[in-house]
Amino acid sequence: MFRPPFCPYRACVNHLDPPGGKWWYANGTHDSHAFGKVPRFKCKHCRRTFSVQTFRVTYYSKRVLPMKKLERLSSSSMSTRALSREFRCSCNTITNWIDRIARQGIMLHAALRKLIDPHDSVCFDGLVSFESSQYFPNDIGISITCKARMILGLSHAITRRAGVMREGQKERRDELYEGMKFEEKAVERSFGEHLDMLRKERSITLEDPLVVITDEKVEYKRAFRKHELYKEQDEATRCVHLTVSSKFPRTYSNPLFPSNYIDREARKDQANFRRETTCYSRNGANCMSRLSVYAIWHNYAKKYLVKKPIISVETHAEVAGVERRLIRSMRRRMFSNRAFLSRLNLPPLDSKIWTKTVYSPWAGKEISASLPHFAFG
Ligand SMILES: [Zn+2]
């Protein structure tokens, strides 16, 4: 018999810390087209009702897609339209399920990211692409550990188009940008969000200093100098920013190799990051959801090295020090139990992807995509 683990309403006292006894009543069943008879319950404290489905990853869905297959195909260079043809459903259904997998993956990653090897250095770089049109380049910050090549976090920044343009292109740019407000120091803010996450989750000592490797972009240097990680160093803690020229050959011995590696992999495995493509992102928030699904698949399902024996199943997370048994049980949970935002203490880096929040130059501020209310539960 199913026992509800907690009350799903975040304002209720039984949400975060339900008592040991029976805090709910059985409240009949309802018929659903997708799931048949579904048992319902009522909370004794807030008197609100909920069902078995409230706690499943398939909550509120009218059509259930195979999540593991969708995760794998979306991470293997299939575009949203190709996926909608594969699953015989609309592009909106694909986006809805990609969002669900992204939220479930954030839950798994937030729990396991804290367990990785604290000695490994961190590489950071921006993956530059564009959304809507080439006049709106985006700079997606990716932090990745050096040895295990495990993606730690993703952040979004949108910038003005720079570089050489023809006269006609300049006119078009001025026309498009009229009335728009771009974010000041967007790349600095984006890098800062990764430093915030590292400060919160990583133990930093003099013996185990945190080494962050980036290229020589002035924005990264400024953000690092301003950040508490740098300013609050004392006799017991040490944090080092190593900068490497981006003109150095992109070889294995380059300290920025992990960033170069993930740039190459994302461009190969994500249809919207290919060069000269018609599959470019139409929407920054959707792009971040898809990339987040890719990051989780890369960390917890993809084999660590292509060159390893064909029977090897070692993932990037295992190389980073997370037990295989734990990864498997968390992955099972990821594909069955619904993750609740209010029960996770996420850094802004993750909560922005969850709530699909990105800066919009049209609105002149950060805005969240219109998500169904249950996504904020
Ligand atoms: Zn309640």
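Biologist: In the hairpin of β9 and β10, which residue takes a positive phi?

Modeller: The model is a predicted one. Strand β9 (residues 357-360) pairs with strand β10 (residues 365-368) in the antiparallel sense, and four residues lie between the strands of this hairpin. The residue there with a positive phi, near 75°, is Gly364.

Biologist: Which residue of β10 is the bridge partner of Ser360?

Modeller: The strands β9 and β10 are joined over four bridges in the antiparallel sense. In one of the bridges between these strands, Ser360 has as its partner in β10 the residue Lys365.

Biologist: What is the order of the strands in the open sheet of three strands?

Modeller: The pairing in this sheet is antiparallel. Its edge strands, each pairing on one side only, are β1 (24-32) and β3 (49-51). On average, and with direction ignored, neighbouring strands are turned by 35° against each other. The strand order is β1-β2-β3.

Biologist: Which residue in β3 stands opposite Phe41?

Modeller: Strand β2 covers residues 36-43 and runs antiparallel to β3, with three bridges joining them. Opposite Phe41, in β3, stands Phe50.

Biologist: How do helices α6 and α7 lie to each other: roughly parallel, roughly perpendicular or oblique?

Modeller: Helix α6 (residues 186-201) packs against helix α7 (residues 218-226) with the axes 9 Å apart and at an angle of about 50°. Angles under 35 degrees count as roughly parallel and those from 65 to 115 as roughly perpendicular. The angle of about 50° is therefore one that makes α6, relative to α7, oblique.

Biologist: Is the crossing of α6 and α7 left-handed or right-handed?

Modeller: The helices pack at an angle of about 50°. The sense in which α6 passes α7 is right-handed.

Biologist: How many residues of the contact of α6 with α7 are nonpolar?

Modeller: On the side of α6, the contact is made by Val187, Glu188, Phe191, Gly192 and Leu195. On the side of α7, Glu219, Tyr220, Arg222 and Ala223 take part. One residue of the contact is polar and three are charged, while the number of nonpolar residues is five.

Biologist: Is Arg324 buried or exposed?

Modeller: Arg324 is placed in helix α12 (residues 324-334). Within 10 Å there are 12 other C-beta atoms. A residue with 12 or fewer counts as exposed, and therefore Arg324 is exposed.

Biologist: How far apart in space are Arg324 and Glu314, C-alpha to C-alpha?

Modeller: Arg324 belongs to helix α12. In sequence, Arg324 and Glu314 are ten residues apart. In space, their C-alpha to C-alpha separation is 8.2 Å.

Definitions and conventions: Residues are numbered from 1 along each chain as its sequence is written. This is a predicted model: local features need pLDDT of at least 70, side-chain atom pairs count only at pLDDT 80 or more; totals for chains, interfaces and linings use all residues. Two strands pair if DSSP finds at least two bridges between them. Helices (H or I, at least four residues) and strands (E, at least two) are DSSP runs, numbered from the N terminus. Axes are lines fitted to C-alpha atoms, for helices over the stretch in contact, and angles run from 0 to 180 degrees between N-to-C directions. A residue is buried if 20 or more other C-beta atoms lie within 10 Å of its own, exposed if 12 or fewer, and partly exposed in between; C-beta atoms are placed from the backbone. Angles under 35 degrees count as roughly parallel, over 145 as roughly antiparallel, 65 to 115 as roughly perpendicular and the rest as oblique. A crossing is left-handed if the near helix is turned anticlockwise from the far one by less than a right angle, and right-handed if clockwise. Two residues are in contact if their C-beta atoms, placed from the backbone, lie within 7 Å. Ala, Val, Leu, Ile, Met, Phe, Trp, Tyr, Cys and Pro count as nonpolar, Asp, Glu, Lys and Arg as charged, and the others, Gly among them, as polar.
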